[in-house]
Every structure is written in structure tokens, then in C-alpha cells.
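Got the viewer open? Let's take a walk through this one, a stop at a time, and see what each stop has to show.

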Amino acid sequence: MVGNRELALEVVGETLRPGALDLPVRWAHVSELQDPAPYLVGGELILTAGVNLPERIDRYVRGLRDAGVTALGFGLTPNVHETLPESLRRACARRGLPLVVVPPRTPFLAINRAVSVALTEAGQRDQRRITAARETLTRAAGGGLGELTSALAAVLRSWVALVGAGDVLAAAHDAPAPLPPEVRELMATVRAGSGIRSATTETGGGFVVVQPVYPQATASHLVVVGRSRRLAGADRAILAVGAALLGLVGRAGSDAAELGAATTGLLLGSASSAEVARSLLGSEVVRLVAGAAYRRGPDEVAQRPDWLRARLDTPLVSVSPGRFVAIAGSAPPLAVLEDLRGHGWLAAVGSPAPAGQPSDGEVDLLLARARALGRPVVAGDSPLDLDAWVDPGASREFAARALAPLVALDEAGDRSLVLTLRTWLAHHGGWEPTATELGVHRNSVRHRIAQVEKALGVDLGDPEVRMRLWFALRWVALHP
């Protein structure tokens with residue numbers, strides 16, 4: 001703000017303490033109250049023309065400082081104060097509250113607007129930094145704990161130590177050895193707590209943050225970060241990513257492909273996966289993306305996990321022959337899905353779901369639709385979707401009752417009747433494409449479909465019956 005020539009703000013030098021100009025501003029707020037402190041949350045730039053400036057000016061300034069105000073902006077106006085009151089200058093200097101003089105030609109609204117623009121730009125810069133750091137850390141995870149710890153230290157411009165039950169497992173950027181007593185005390189405090197948490201202490205002229213690795217939030221492994229200044233919001237988001245990856249690397253090993261596969265597996269069934277998703281994807285709601293080989297299959301480049309991670313904007317990718325599964329924070333754009341198809345992957349995107357609860361059964365069903373249609377399929381992108389309107393409990397009960405005879409026969413004799421019915425319906429009753437996808441002779445498909453009709457007592461030539469069975473298969477896939 002003070003560097004904006006259009007605003008022409010003048011900082012009163014004797015009110016500045018070291019680092020005052022680097023303090024963040026949460027918002028600019030105009031107040032002519034004699035005691036605005038009870039209505040503040042901290043970090044504000046308070047603007048006043050001194051209309052109701054109290055006589056006990058020192059108490060006024062002390063209240064603002066104690067409320068965590070970043071600075072006080074005093075507007076000069078011919079009708080109220082043409083010059084800065086000397087008592088206010090002395091009080092701000094005595095209490096260490098930065099004081100900024102606003103000239104008559106600068107309206108408070110212009111300052112509000114400038115702060116709003118600056119906050120928006122800062123948020124965008126932070127998001128770009130977090131995204132870049134996430135990519136850097138995900139790549140470094142392939143090199144193991146040591147390389148990942150060094151990368152985390154580099155992006156945070158700090159020293160970092162990964163501490164196990166009693167030993168330092170990895171350290172970077174001159175992490176102190178042994179750790180200072182106050183840091184060990186902080187670690188003991190964190191370990192004695194419960195849930196996902198972190199703690200900060202000031203030591204040796206700097207700041208130290210301790211938090212557990214994820215997803216094992218109650219485990220003994222801790223990440224310790226130290227540097228000369230406090231961690232801002234973006235720094236803590238990056239630390240959360242690093243902590244999550246350190247915990248996952250410890251479980252999955254150092255291979256990047258194994259890491260993606262292990263992470264994806266954890267997110268598909270881990271109670272702590274919401275925190276991992278928040279850290280790695282910036283979201284607690286995720287989309288499951290699956291791809292199957294299309295036509296000639298994926299080319300050599302498209303089979304690489306790093307290529308898929310870049311296209312899908314997620315580090316959580318598992319690749320196996322002829323198939324990939326990924327967990328993303330949002331549905332990939334249609335252009336990306338078409339690009340995948342051009343490289344030999346036919347993709348399907350599941351419904352939005354809480355992390356840890358995405359349905360791989362649903363995405364398998366969507367993949368069957370995608371193969372039949374020859375194009376990508378995205379759940380929830382059509383006004384015909386029923387999920388938001390149909391009672392889940394009643395639908396599950398209907399699906400289980402409708403398909404029970406087939407499930408019983410499959411379990412008794414491994415006849416694959418449910419899979420055959422699902423594939424056959426996805427291909428609109430086409431014998432040849434169903435046989436090709438299942439890898440069996442078309443006569444085998446005809447025989448299985450005849451078994452389905454006999455077991456269910458239905459005529460699959462009836463479109464109403466087909467519709468109801470497809471609905472049942474969808475709900476079983478959504479809610480296995």
C-alpha cells in the first residue's frame with residue numbers, strides 16, 4: 001500500500017518497528033468508533049478521519065495494538081483534522097502501532113479497493129506457489145524420504161527434519177542436531193495430543209513448527225520445520241502436502257509409480273484420507289477417474305504415470321496394463337478427456353464424493369457406457385441424472401433384491417452373469433461387441449443372457465426391463 005504512488009500514503013517513521021512494513025493486511029476497515037477494538041479480528045488496516053478521536057488517545061492506540069491491528073491510517077480533511085494530531089503520533093510511536101497519513105485527495109474507498117486487489121493478487125500468487133510446490137514435492141517423492149525432505153526444505157526456505165520414534169530419519173538445510181530441548185518438548189506435546197494437529201514455538205530468534213505426517217496422524221513420525229519468520233497460510237498448505245507425502249513414501253517406498261498406486265489405494269479406503277486429499281489436492285471432495293485401453297491402446301508416452309498426472313492435474317495416479325485409476329480434486333475438462341482418447345485412453349469420471357468414499361464400482365459401470373458409446377463419460381453432467389432425486393436406501397434395497405438371483409448363481413458357480421448383463425446392456429444388446437469386451441465367444445454371451453432371463457424370470461427384449469436392470473446395476477456399483 002505505502003508503495004502505491006496513486007494513494008500517496010505517508011508512513012510516520014517513528015511509529016515503525018522492525019518488519020512492520022512486511023506485516024500482512026487482512027482488510028481495510030473504516031471506523032470512527034472511540035473503541036473499535038472489540039469488533040476487530042486482527043490484521044486490519046483501520047482508517048479514520050478522527051471524527052470521534054477520544055481524549056484518552058493512548059488507551060485508543062493501545063486497544064488497537066492489542067487487537068492485532070496491522071496499522072492505523074489517519075485521513076486528513078479540512079473539516080476535521082488538517083494536520084496529524086501530535087498526541088496520536090506520540091501514542092503510536094510509544095505503543096509501536098504503525099501510523100499512515102492519508103492525504104485529503106485520497107478517498108478511503110480507493111484504499112479499500114487497492115487492498116482488495118492486492119489480496120486477490122496475493123491469493124492467486126499463493127495458489128500458483130502451492131501448485132508448483134505440490135508438483136515439485138510429488139516428483140521428489142520418487143527419490144525417497146531424503147530427497148523429499150530436501151525438496152520440502154527448499155520450497156519452504158527452511159530447515160526440515162523428519163523424526164521417528166526417537167531418531168531423525170531425514171534432515172535437510174542444516175537442521176540442528178540434536179534438536180533443541182524446547183523443540184523436543186514441543187514434539188512431546190504434539191505426540192501426547194489426539195487428532196490431526198500442529199504446534200509452533202519461537203526459539204533462537206526463529207520459529208519452529210511441528211506436525212505429524214499424514215495419513216498416520218496419531219503415529220510417532222513428525223515433521224519439524226524451522227526458519228527465521230513465521231509460516232504463512234501458503235507455507236502451511238505446502239507443509240501439509242509435504243507431510244502427507246512423507247507419510248505415504250514411508251508406507252509405499254520410493255518408487256514414484258508405487259507411490260501413486262499406494263496413495264490411490266489409501267484414498268479409496270482410508271479413514272484419514274480426507275486430510276490427505278485436502279493436502280495433496282486442496283479438496284475434501286474428489287472425483288475418481290478411470291481409463292481403459294481404447295482401440296490400439298495407449299501409446300508409449302500416455303502409459304507413463306507422470307504424463308497422466310500432468311494431464312489430470314493430480315499426483316494420485318495408478319497405472320496397470322490397459323487401465324489407469326486416478327483421484328482428482330475436480331472433473332477434468334472435456335478437452336483433456338478427448339486428448340486422452342486421442343492417445344489411446346477412454347476415460348470415465350465418477351460422481352463427486354468425499355475422499356475415502358469414491359466408488360470404483362460406479363466408475364467401472366461408467367467405463368462400460370464409455371466403451372459402448374466410444375467417448376468419455378462424466379457422471380453428474382446431465383440433467384437426466386437421478387442420484388440427487390432418488391432415495392439411496394430404497395434404491396439399494398431394490399437393486400439388491402433385483403440382482404440377488406444372479407449374485408447367488410455367480411457366487412455358486414463363477415458364471416459372471418452380473419458382469420455379462422452389465423456389459424451386454426452397455427452395448428445395447430449387441431452380441432459381438434459384448435463378446436469382444438468379455439473375451440468370450442458370442443455363443444457364450446447368448447447362453448449367459450438366457451441364464452439371466454431364466455434366473456430373473458424376465459424378457460430382456462422388453463426395454464422397460466432393460467431400463468430397470470440397468471438402474472439396479474448402477475445402484476449396486478454406486479453403493480457396493
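**A walk through the model**

In helix 1, which covers residues 57–66, the buried residues are Ile57, Asp58, Tyr60, Val61, Gly63 and Leu64. Keep in mind as you look around that this is a predicted model. What do those buried residues of helix 1 pack against? Their neighbours are strand 3, strand 4 and helix 2, the last of these spanning 86–95. Just past the end of helix 1 you'll come to Gly68, which has a positive phi, near 85°.

Stay on helix 1 a little longer, since it also carries a salt bridge. Arg62 pairs with Asp58, and their closest N and O atoms are 3.5 Å apart. Both residues sit in helix 1, four residues apart, about one turn of the helix. Are the two partners buried or exposed? Arg62 has a relative accessible area of 30%, so it counts as partly exposed. Asp58 comes out at 18%, and because buried means under 20%, Asp58 falls on the buried side.

Now for a salt bridge that reaches further along the chain. Asp364 and Arg323 form one, with the closest N and O atoms 2.9 Å apart. This pair links distant parts of the chain: Asp364 belongs to helix 11 (residues 360–373) and Arg323 to strand 13 (residues 323–328), with their positions 41 residues apart. Asp364 is partly exposed at a relative accessible area of 30%, and Arg323 is partly exposed too, at 25%.

Helix 11 has another salt bridge to offer. Arg371 bonds to Glu437, again with a closest N to O distance of 2.9 Å. Here the link runs from Arg371 in helix 11 to Glu437 in helix 14 (residues 431–438), 66 residues apart. Arg371 has 31% relative accessibility and counts as partly exposed; Glu437, at 29%, is partly exposed as well. Back at our starting point, salt bridges with shared partners tie Asp58, Arg62, Arg94 and Arg95 into one network. Across the structure there are 15 salt bridges.

Time to step back for the overall picture. The protein chain has 16 helices and 16 strands. Of its 480 residues, 47% count as buried. How much of the contact pattern comes from residues 24 or more positions apart? Among contacts in the chain with a separation of 6 or more, such residues account for 64%. On the outside, the accessible surface comes to about 23,300 Å², and 52% of that belongs to carbon and sulfur atoms.

Let's go inside again, this time to helix 6, where you'll find Leu246. Leu246 has 3% relative accessibility, so it counts as buried. Which residues does Leu246 touch, leaving aside those up to four places away in sequence? They are Leu145, Leu148, Thr149, Leu152, Leu162, Val213 and Val223. Take Leu148 from that list: Leu246 and Leu148 are 98 residues apart in sequence, yet 7.2 Å apart in space, C-alpha to C-alpha.

A loop can hold a buried residue too. Thr314 lies in the loop between helix 9 (305–312) and strand 12 (317–320). With a relative accessible area of 2%, Thr314 is buried. Not counting residues up to four places away in sequence, Thr314 touches Leu281, Arg309, Ala326, Ile327 and Ala328.

For a contrast, turn to Leu21, in the loop between strand 1 (10–11) and strand 2 (27–30). Leu21 has a relative accessible area of 55%, so it counts as exposed. Together with Val2 and Leu16, Leu21 makes a nonpolar surface patch of about 240 Å².

Our last stop is the largest pocket, which holds about 1,500 Å³ of space. It is lined by 45 residues, and the closest to its centre are Leu21, Asp22, Leu23, Pro24 and Val25. Several elements each supply at least two residues of the lining: strand 3 (44–48), strand 4 (71–75), strand 5 (99–102), helix 3 (108–141) and helix 6 (233–252). Which helix gives the most to this lining? That's helix 3, with 10 residues.

Key:
Residues are numbered from 1 along each chain as its sequence is written. This is a predicted model: local features need pLDDT of at least 70, side-chain atom pairs count only at pLDDT 80 or more; totals for chains, interfaces and linings use all residues. Side-chain values use heavy atoms; hydrogens and water are left out. Buried means under 20% relative accessible area, exposed over 50%, partly exposed in between (1.4 Å probe, protein chains only). Contact means heavy atoms within 4.5 Å. Patches are made of residues with over 30% relative accessible area and no salt bridge: like charges are joined within 9 Å, nonpolar side chains (Val, Leu, Ile, Met, Phe, Trp, Tyr) within 5 Å. Accessible areas come from the Shrake-Rupley method with a 1.4 Å probe; for residues, only the protein chains shown count as cover. A salt bridge is a side-chain nitrogen of Lys or Arg within 4 Å of a carboxyl oxygen of Asp or Glu. On a 1 Å grid over the protein atoms alone, a cavity is a set of points where a 1.4 Å probe fits but cannot get out, and a pocket is an open set with protein on both sides within 12 Å along at least five of seven lines; lining residues have an atom within 4 Å of a point. Grid points are joined across faces, edges and corners, and a volume is the space filled by probe spheres set on the points.
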